[in-house]
Amino acid sequence: MASNPEKPATATARRKAGRHRGEGQWAVGHFTPLNGNEQFKKDDDGLNVRTRIETIYSKAGFQSIDPNDLRGRMRWWGLYTQRKPGIDGGKTAILEPEELDDEFFMLRVRIDGGRLTTAQLRVIGEISQEFARGTADITDRQNIQYHWIRIEDMPEIWRRLEEVGLSTTEACGDTPRVVLGSPVAGIAEDEIIDGTPAIDEIYRRIVGNKDFSNLPRKFKSAISGSPLLDVAHEINDIAFVGVEHPEHGPGFDLWVGGGLSTNPKIGVRLGAWVPLDEVPDVYEGVISIFRDYGYRRLRNRARLKFLVADWGAEKFRKVLEDEYLKRPLVDGPAPAQPVQRWRDHVGVHRQQDGRYYVGFAPRVGRVDGATLTKIADVAEAHGSGRLRTTVEQKMIVLDVEQDQVESLSSALEALDLTVRPSSFRRGTMACTGIEFCKLAIVETKARGASLIDELERRIPEFDEPITININGCPNACARIQVADIGLKGQLVLDDDGNQVEGYQVHLGGALGLEAGFGRKVRGLKVTSDELPDYVERVLRRFQKEREEGER
Ligand code: SF4
C-alpha cells in the first residue's frame, strides 16, 4: 500500500515536519495556534495583574481571583499558589490544579546580584513575621522566598519592600528573572571584573518593561567577574563570565542556552568577549532573540536552550550580531578552571580594601524571619551594613574589620549559622519540596537538614568538597543534575513492596569547566528512610577507592 504523502511515516520525520510548520516563533510569522499559556499572555500582559491585585483581589479575597490570573499572571509579580497541606505526593500528578491549590501564596523577592543592606534584610524579616508565619528561605537563585502569604496583604507587602528598594517584579513567570551576580562583586581580592553596573542597567532597562514581559518561557541570567565561577553560569539562558582579554583587558565571555529540568543542557560559549559597558546591549539582544525566535508552540520546548541546540553557537552569534547588535562582537578567550571547588564564599576571606567578608551556612537555605532580623542586627554591629546571598543558599556579611571577625563568627554561631560548616552542611541544597510546592512528590528541606545532621554524626572526619542536592520532583530547582550526589524525589517501593517517599540517585555531576550531568544510576532508588545509610556508603567507598585528585 502506498504511504500517505501528507503524513511522514516515522516519528522523527513527523517531528521534523511539525517543526517545519512552525514552533510558534514570532519572527517567522508563527503566531498560531496558541497553547493555554500563550493565550493568557496574549489576552493580557502578566504585569497588568498588579493593578487587579491592588484594587480588586486584595479587597474581595482569594475567591475573587480570575483563574488565568491565579495560575498564570500572578507569577509576573512573584506569586504562586502553594500546596494545600496534607496532600501526599502520590496525588500530585492525579489531582487537578485547583484541588492542589491552597488559598495562600508563595512569594519570591528578587535580589539581583544577591545584594542586600541590613535595612532591607530587616524589612524582609519583618514581613516574614507579620505576613508569612515566619517563613523565609534563601533560594539557590539568591532570592528570598516566603510562604503563607494572603492576597489581602500584598499591597502592604509591596509598599514595604519597595520603600527599601526591593521588588517582586517578574520574580516568576515567562519573564527576565533575577540576574544572578557574584556574591563578592566589587570586594573580592581576586576579582577579574565587577559586573554590578551591568546588573543595575539590565534591571533598569529590562525588568518590568513590556517589550520583554511576554517571553516563550523564563529567562535566567548570571553575571560574574569572579575567577571562582560562582553563579552556576553554565545552566543559565545567558551568562557573562569574567575573563582577561589579551589585548582588550578585563571583560566577559558570553554563554547562552544553559538550563536544567527536562533535557538539561550546559550553556555554550559564543566565543565572544564583551566589555562591561556593552553587557546590557548584548543581554537585550539575546533576550530579544529569545522573544522573537523562541519556540512557543510546546511549553516543554520553549526554553532558549532548544533554539541554541538547533541553531548552534555560530548561527546564534551571527543572528545576534547582524539582526540585533548591528555590529560584530570581539572574539575572546574562555574562562580558566577555578583553583578551588568550593565556590560559595563560606568562611573568612580578605577583601580588596583589607577588610574581610564572612560567609555562613544555614541548613539547606532555611532561615526564618526572626533569624533574618537578628542577622541584620549582627551584621550591622560588625560590618558596614552590606550582605549578599549566594547561589548555594548561603549568606555573606561584607566589610568586617579584622578585629571584628571572631566576634561576628561567634554571634552567627549563636544563631546556628556557622562560618565553619561541615562539608555536608556546606554542600547540601534542597528545593521547596512537598511542604509548599504543588509539583512536589516528596519532602526535601527537613529531609536535607536531617541528612546533614546524620552525616555529621556518622562521618565527622569527612572534609572533602561534596555537593548533595535534593529535589522534590523531576524538575531541577535544586540543580540535582550537576551535583556530586543528586537526589530526585519520587515514590519508590520499600522492601515490603509499599510505595513510599524516596529518590532516584544521580552520581557525578559537576559545574565548572568540567561541567557535566550526573549519571542516573540505573535502577538505583533509595527510600527516604534509607537515605543516610546510602549516602554514607557512597562517601565511605569514595574515600577508600578514589584516585589522586578524583572528585
Ligand atoms: Fe517544586 Fe519540583 Fe522545584 Fe522542588 S524541584 S521546588 S518539588 S518544582
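Two strands count as paired when DSSP finds at least two bridges between them. With that in hand, here are the views of this predicted model.

**View 1. Strands 9 and 10 run side by side in opposite directions, as an antiparallel pair.** Strand 9 covers residues 249-256 and strand 10 covers residues 268-274. Four bridges join the two strands. For one residue to look for, take F252, whose bridge partner in strand 10 is V274.

**View 2. Helix 9 packs on the sheet.** This helix, residues 279-293, touches strand 6, strand 7, strand 8 (238-245), strand 9 and strand 10. Its direction makes about 160° with that of strand 7.

**View 3. Helix 8 lies across strands 6 and 7.** Helix 8 is made of residues 196-206, and strand 7 of residues 219-224. Relative to strand 6, the helix runs at about 170°.

**View 4. Six strands make up an open, mixed sheet.** Follow the strands across in the order 6-7-8-9-10-11. Strand 6 (176-181) and strand 11 (330-331) each have a single partner strand and stand at the edges, so one side of each has no neighbour in the sheet. As a reminder, strands of a sheet pair through backbone hydrogen bonds, either parallel or antiparallel.

**View 5. Stepping back, the whole chain holds 15 helices and 21 strands.** Its radius of gyration is 23 Å, close to the 24 Å that the globule rule gives for 551 residues, so the chain is as compact as a globular protein of that length. The C-alpha trace spans about 80 × 65 × 60 Å along its principal axes. Of the 551 residues, 51% are buried.

How values were computed: Residues numbered from 1 in each chain as written. Predicted model: local features only at pLDDT ≥ 70, side-chain atom pairs only at ≥ 80, totals over all residues. Contact = placed C-beta atoms within 7 Å. Axes fitted to C-alpha atoms, helices over the stretch in contact; angles between N-to-C directions. Rg over C-alpha atoms; globule rule 2.2 N^0.38 Å. Buried ≥ 20, exposed ≤ 12 C-beta atoms within 10 Å, placed from the backbone.
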